[in-house]
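I opened this model today and kept notes as I went. Each entry records what I looked up.

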Amino acid sequence: MEEREDKLQDSRWHKWEWVAAPELVHMMLDYYDFLSDSVLLQEKIVPVANDIMKFFDNFYTTNEDGKWVMNPSKIYLLPAWPKEWDIDFKLHAPKNTVITGKVVNGEIQSLDVNPVSRKNDMVICTP
């Protein structure tokens with residue numbers, strides 16, 4: 001696959017991926033530029049853009065040039081799970097990875113990662 005210069009992110013894996021969330025914000029802002037609708041901006045665009053940017057701040061790092069560094073091998077476990085929901089789960093992840101576990105009162109009670117080598121790629125997010 002041919003390499004291309006990307007001004008937003010620095011990754012050898014994501015050269016041709018369309019990351020929908022920032023693109024959505026860009027399209028919404030274009031729409032605002034066309035309409036100049038301040039109600040749309042305040043009630044829809046700003047809240048959506050704020051949530052999207054918070055997500056990228058939490059789950060993507062930037063390099064010294066300010067480009068996103070995407071880690072396709074990372075597994076984010078329970079990033080949006082409500083603390084009050086108890087669960088027994090089985091997650092099938094990339095690279096033939098299977099993660100099983102149990103969460104009670106927001107605490108992980110048991111966790112099994114197969115293959116074990118993928119445990120280093122996990123980022124456990126506290127509910």
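How many residues lie between β5 and β6 in their hairpin, and which residue in the turn has a positive phi? I found two residues between the strands. N105 is the one I noted in the turn, with a positive phi of about 55 degrees. I add at once that this is a predicted model.

**Entry: overall make-up.** I went back to the whole chain. The protein has 127 residues, and 27% of them are buried. I listed two helices and seven strands. Reading from the N terminus, I get α-α-β-β-β-β-β-β-β, with both helices ahead of the strands. The accessible surface is about 9,300 Å², and carbon and sulfur atoms hold 53% of it. I also looked up the contacts between residues at least 6 apart in sequence. Of these, 38% join residues at least 24 apart.

**Entry: the helices.** I checked the length of α1, residues 20–35. Its 16 residues should span 22 Å at 1.5 Å a residue. The end C-alpha atoms are 22 Å apart, so the expected span and the model agree. Just past α1 I came to S36, which has a positive phi of about 55 degrees.

Next I took α2, which covers residues 38–59 and includes L40. What does L40 touch, leaving aside neighbours within four places in sequence? I found Y31 and I45 in contact with L40. I also looked up the spacing from L40 to M28, 12 residues away along the chain. Their C-alpha atoms are 9.4 Å apart.

**Entry: N63.** I then moved to the loop between β1 (61–62) and β2 (68–69), where N63 sits. Is N63 buried or exposed? Its relative accessible area is 15%, and the cut-off for buried is under 20%, so I put N63 down as buried. Its side chain reaches the backbone nitrogen of D65 at 2.8 Å.

**Entry: the three-stranded sheet.** I traced an open sheet in the order β4-β5-β6, with antiparallel pairing. Why is one side of β4 and of β6 left without a neighbour in the sheet? β4 (87–93) and β6 (107–114) are edge strands with a single partner each, so one side of each has no neighbour there. I looked up the turn between neighbouring strands too, and it averages 15 degrees, direction ignored. As a reminder to myself, strands of a sheet pair through backbone hydrogen bonds, either parallel or antiparallel.

**Entry: β4 with β5.** I found seven bridges joining these two antiparallel strands. One pair I wrote down is L91 with its bridge partner I99 in β5. Three residues lie between the strands in this hairpin. K95 in this hairpin takes a positive phi near 65 degrees.

**Entry: β5 with β6.** Here I followed β5 (residues 97–104) across to β6. The two strands run antiparallel and are joined by seven bridges. I noted that T100 has D112 in β6 as its bridge partner. G101 stands opposite L111 in β6. I closed the entry back at the turn of this hairpin, with its two residues between the strands and the positive phi at N105.

Technical notes: Residues numbered from 1 in each chain as written. Predicted model: local features only at pLDDT ≥ 70, side-chain atom pairs only at ≥ 80, totals over all residues. Heavy atoms only, no water. Helix = DSSP H or I, 4+ residues; strand = E, 2+ residues; numbered from the N terminus. Buried < 20%, exposed > 50% of the residue type's maximum accessible area, 1.4 Å probe, protein only. Contact = heavy atoms within 4.5 Å. Areas by Shrake-Rupley, 256 points an atom, 1.4 Å probe, with all protein chains shown as cover. Polar contact = N/O pair within 3.5 Å; in protein donor to acceptor, adjacent residues only side chain to side chain. Expected span 1.5 Å × (residues − 1). Pairing = 2+ DSSP bridges. Axes fitted to C-alpha atoms, helices over the stretch in contact; angles between N-to-C directions.
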